[in-house]
Structure formats: structure tokens, C-alpha cells
Amino acid sequence: MRPPSPSIPEKDFLFSALKQGLRLDGREFLETRPVTLTFGPELGWVECSLGKTRVLTQVDAKMVKPPPERPFEGFITIHSELSPMASSEFELGRPSEEEVMITRMLDKVIRRSDVVDKESLCILSGQRVWHLRLNVHCLSDSGNLLDCVCLAGIVALKHFRRPDVEVVGEDVTVHPPTFRAPIPLSLHHNPYCFTFAFFSDTSLNPVLDPNLLEQRLNGGLISIALNAQRELCVVQKSGGVPLEPGDILKIVNVAAVKAKDLDAFVESRLQEDWEGRKIEIR
Amino acid sequence: MSIVLPGERVPAQHVNLKLGPGLLQASNVSSSTNRTSPSIFATRAGSLNHSANGSKWWVENNARRYVPAAQESVIGVVVQKQGEGFRVDIGSAHSANLDGLAFEGATKRNKPNLKVGSLIYARVSLAHKDMEPELECFDAQSRKAEGFGELKGGFLVRCSLRLCRQLLDPKHFLLPLLGSLFPLEIAVGLNGRLWINSQDAKCIIAIARAIEAADPDAQGMGEDDVRTLLEHP
């Protein structure tokens, strides 16, 4: 069932409010919703919420034989399927345009931008490598699922610890977490994704972190993934109203500042959670 | 007041027993024994309530997806013009049908001209679980509009089903509080949608935020918290 487009009063009200510089939930145009990160009992289990949009991710690792063309690298696969639990507009088995975009963007941000150091996932070249599996479950969609999903994925990878492995000759011993402390993954960088919605009426400024109504009525979405070191990973703009180069540069600058703040926040939350767990006995 | 799960038997017995939402009577065809009390089952998870004399029983729960029931007022969005009537989305599994003649003073020559995307306030006249629900835009007894019909301007807010039921209770604090602070026009749909209209956009946004804050699904703020939220935006 295609999602019904918003009613006429909602459309009229949104545009008249935006013309007056007001957003529906009282935020500034370039303000995101509050981010909350909850860590689960296992390592690599993270629930991320951006306001009312909630996503749950989990990282799993197992040892497999690598493909013959790349014997020195491990690999990572991402599984995400939007079910009607997130919203009554999603259907199982029939990916909507939005779902396809989220899957592709997640692939670009986490796999193709080389977040995880794949060579460090190699145990015994040609025979045993780690296969990381990132499972994403969308619990509730209240706009901007994409940013939430990317954030949850990165935080889960940072939170996860894989078991320690000892290789003696051809023998591979996996030490259980009770015996030797598990090791964090080796990540090259941490990209964060920011989505801006802009509207067909070009006099309205773009809006960061659109909620559900703003997302439905947008005249185009632009998503920027970058890390705290001001390195751009992905810039995606699929269709929509054309933007001036000056506007895009402004948007990128805003995203760069937000990425730094978000990185600091994520690090502090991870630190807090780490202190609460008993993984190592020194 | 106990909590029941779907499938549990409920000890409801009365001469004039009326079952409200969430309870179903199982029809037992037993040849040997003559059962005096038919078995009543709960179909939803929630708290079991009954009236003082035990004649009315129902299950109170909170949900976000609407299941249509007859005689409930709902807010719908017109999706399509279909023949003589309209197809309206009310948030249920199937779209509802609204006949073109189901308005006050409508004749074959004089039918209302609703555009796709307009909001209407209607009453569910027919709702069975296997059929598409049907809507009417007039009151059942008086055949007059009584507030039903097209809603122009304003804004639509979505909320949980329990908040809609609470807002219809005259003893709830939220609507009198909002009415004392802003000039307000509101239509409550039992399908989790509220239509609000006020003098300008700032007031409407403040009202929408207050409603979302008082929603038991989200924060469930009490009266004092909502008042502080409204006075210090």
C-alpha cells in the first residue's frame, strides 16, 4: 500500500510555518533532535534514537573461509529490512524507494568507505577470516531513518569486541571471553550521516534532520556522510530541486560542525558504558 | 482491575451483559451439557474494567493502530474519488468508503466536491473485520451535520489511541487548559488523529507540542508540566 500523501491542511500549514521560520516541533532549522544511545547486555548491541525514530543494531562475528580472490581480508555484511513495525507504510518483501535508498546508503557509508580495517580481520590467510554481520532493525519511523540507521551501525561497530584468537602454525585457538579479554575492531574512521531536506519553494532554507511530515513533503533530500576530521565520505542527492553550489558548501560546513559534536558525544557515551562493564580483570 | 492477555477467560456474568472493546463471546455448541454461562474471552492485552453493577465489561489498552468500530467518530483523508463516493484513509488496514450522498442536504444534483487530500470528520457507520468500513458525515438520529464534514485549514496531529479516548472525557485536564490559554478549535478522531485550529502558526505549534507531551505513549506529562511547557517554549 503506497503511503497516502499528507492532507491539504497539513501541507498548507507546514509551508506557512516554514515561511515564518518555525518548525513543527519547535526546533531551529539546523538543529537535530536529541540523540540517545542505549547499550545492551551484549557487546555490539546498540539502540539509537533520534527523537521518536528508533533503530536497533547488533554485530555478530564468526570465522569462515575467505573467497579465493581475497584471501587476506575478512568481510562485513549488512542486513537491514524495514518491517511494518517501523511504520504501517512499509511492507515485508517489497522494498519501497525509501528502503532501497537506505540500504544503498548504508552500504556506501559503512562498507565502501572502508570503515573497518579488513586486513585486521584475517586470522589465517586463505583459510580463516572473520565474517562480521551487522543486523539492523528499525523499530519506529518518525522521519530521517537514514541518519539514525547509519549512526546506530557505526556505534555498534565501535562497541563490538571480537574474541581473541591465537594462531600457532596452522592451529587456530579461539579464546572465550572469560579467558582472554575480547579485542575491539580496528576502524579506520567514523563517518556520520546528516540529511537535509529542502523544499520546492526555493526561498525556504534547507532543514536538518527532517521529521516525518517534512520528509514526505520535501522537494529533495541531500545526505552527507563525513567524519570528525572533515573528510567527506558520501554525498548523495537523488533528484529534487536543483541546488546552488554555494548552498551545498554551506550545508557541508554545517554538517562538519555537527559531525565533530556528534563524535564527541558518541565517545563520551561509549566511555561511560565501558566503565560500567566488567570485561577485564586487572 | 486485573491485567488480561489475549485468549484468557474472563469471569463476566450478568443478565444484560454488554461487552465493550477487547472482549469476545465464544459460541459453544455443546450437545450434552447445557451451559448457562457462555465463555467470554479477551482479544487484547490490557487492564480489565467493568461498570459498577457488572453489566458492562471492557479491556482498556493503548495502541497506535486503529481497528474500526461502529459509531466512532474518525478523521480521514480523502484518497480517491470512486464513482458516486470517495475512498478515505482512516489509518485502518483497509480504506473506508464514504458515499457522496452521506452528507447533510445532499441530493443527486448537489453533492459535495471534496478534493483528494482533504480532511473530513465522519462517523463509522459499518465496520466488520472482513469488510471495508463505511463512513457517514451526519449524525445518526438527527440526520444533520453536527460538526461532521470537511475540515478546512488548521493542522493534523497524530497521537496514540488512548489519548484520543482521554480527550473525550470531560474531566481530563488538557483541553480546558489549552482552551484557557489560546482560542482553540479541535476535532478528536478516535483513530489517533486530532485536527486543531487556532489564530496563528505559533499557537498551533505550541498546542501540537503540548498534546504530544501529554500523550501517555510518549511522556505522559501531567497538568503542571504541560503548563510549564506552554509558558516557556
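This tour moves through a two-chain model, from the shape of chain A to its sheets, then to the interface and to chain B.

The model is predicted; local features need pLDDT of at least 70 and side-chain atom pairs count only at pLDDT 80 or more, whereas totals for chains, interfaces and linings use all residues. Residues are numbered from 1 along each chain as its sequence is written, chains are lettered from A and ligands numbered from 1 in the order in which they are written, and side-chain values use heavy atoms, with hydrogens and water left out.

**Stop 1: chain A as a whole**

Select chain A and display its C-alpha trace, which spans about 70 × 40 × 35 Å along its principal axes. The radius of gyration (taken over C-alpha atoms) is compared with a globule rule of 2.2 Å times the number of residues to the power 0.38. For 282 residues a compact globule would have a value near 19 Å, and the 21 Å of chain A agrees with this. In cartoon view, chain A shows 5 helices and 14 strands. Helices (H or I, at least four residues) and strands (E, at least two) are DSSP runs, numbered from the N terminus.

**Stop 2: a four-stranded sheet in chain A**

Next, select β11, β12, β13 and β14 of chain A. These 4 strands form an open antiparallel sheet in the order β12-β11-β13-β14; two strands count as paired if DSSP finds at least two bridges between them. The edge strands are β12 (207-208) and β14 of chain A, each pairing on one side only.

Begin at the β12(A) edge, where 2 bridges join it to the antiparallel strand β11 (residues 191-198) of chain A. Here Phe196(A) stands opposite Leu208(A). Then move to the other edge: strand β13 (residues 220-227) and strand β14 (residues 232-237) of chain A run antiparallel and are joined by 5 bridges. Ser223(A) stands opposite Gln236(A) in this pair. The hairpin has 4 residues between its strands, and Arg230(A) takes a positive phi near 60° there. When viewing side chains, recall that in a regular strand they alternate between the two faces of the sheet.

**Stop 3: a second hairpin in chain A**

Select residues 164-175 of chain A to show strand β8 (residues 164-168) and strand β9 (residues 171-175), which pair in the antiparallel sense over 5 bridges. Asp164(A) lies opposite His175(A) in β9(A). The two strands form a hairpin with 2 residues between them, and Gly169(A) in the turn has a positive phi of about 65°.

**Stop 4: salt bridges**

A salt bridge requires a side-chain nitrogen of Lys or Arg within 4 Å of a carboxyl oxygen of Asp or Glu. By this rule there are 22 over all chains. Select Asp107(A) and Arg111(A), whose closest N and O atoms are 3.5 Å apart in one such bridge. Both residues belong to helix α2 (residues 97-112) of chain A and are 4 residues apart, about one turn of the helix. Another salt bridge joins the side chains of Glu73(A) and Arg70(A) (3.6 Å, N to O).

**Stop 5: the interface**

Now display both chains. The contact (heavy atoms within 4.5 Å) takes 21 residues from chain B and 20 residues from chain A. Buried area is the accessible area (1.4 Å probe) that two parts lose on being put together, summed over both. Chain B and chain A bury about 1,600 Å² between them, 67% of it on carbon and sulfur atoms. Select Arg65(B), Phe155(B) and Ile205(B): they supply 33% of the area that chain B buries against chain A, more than any other three residues.

How many salt bridges does the rule find across the interface of chain B and chain A? The count is 1, formed by the side chains of Arg158(B) and Glu10(A) (3.9 Å, N to O). On the side of chain B that touches chain A, the elements giving two or more residues are β14 (155-158) and α3 (201-214) of chain B. Of these, α3(B) gives the most, with 6 residues.

**Stop 6: a small selection in chain B**

Finally, select β2, β4 and β5 of chain B, 3 strands that form an open antiparallel sheet in the order β2-β5-β4. Because β2 (9-10) and β4 (23-25) of chain B each have a single partner strand, one side of each is left without a neighbour in the sheet. β4(B) pairs with strand β5 (residues 40-42) of chain B over 3 bridges in the antiparallel sense. There, Leu24(B) has Phe41(B) as its bridge partner.
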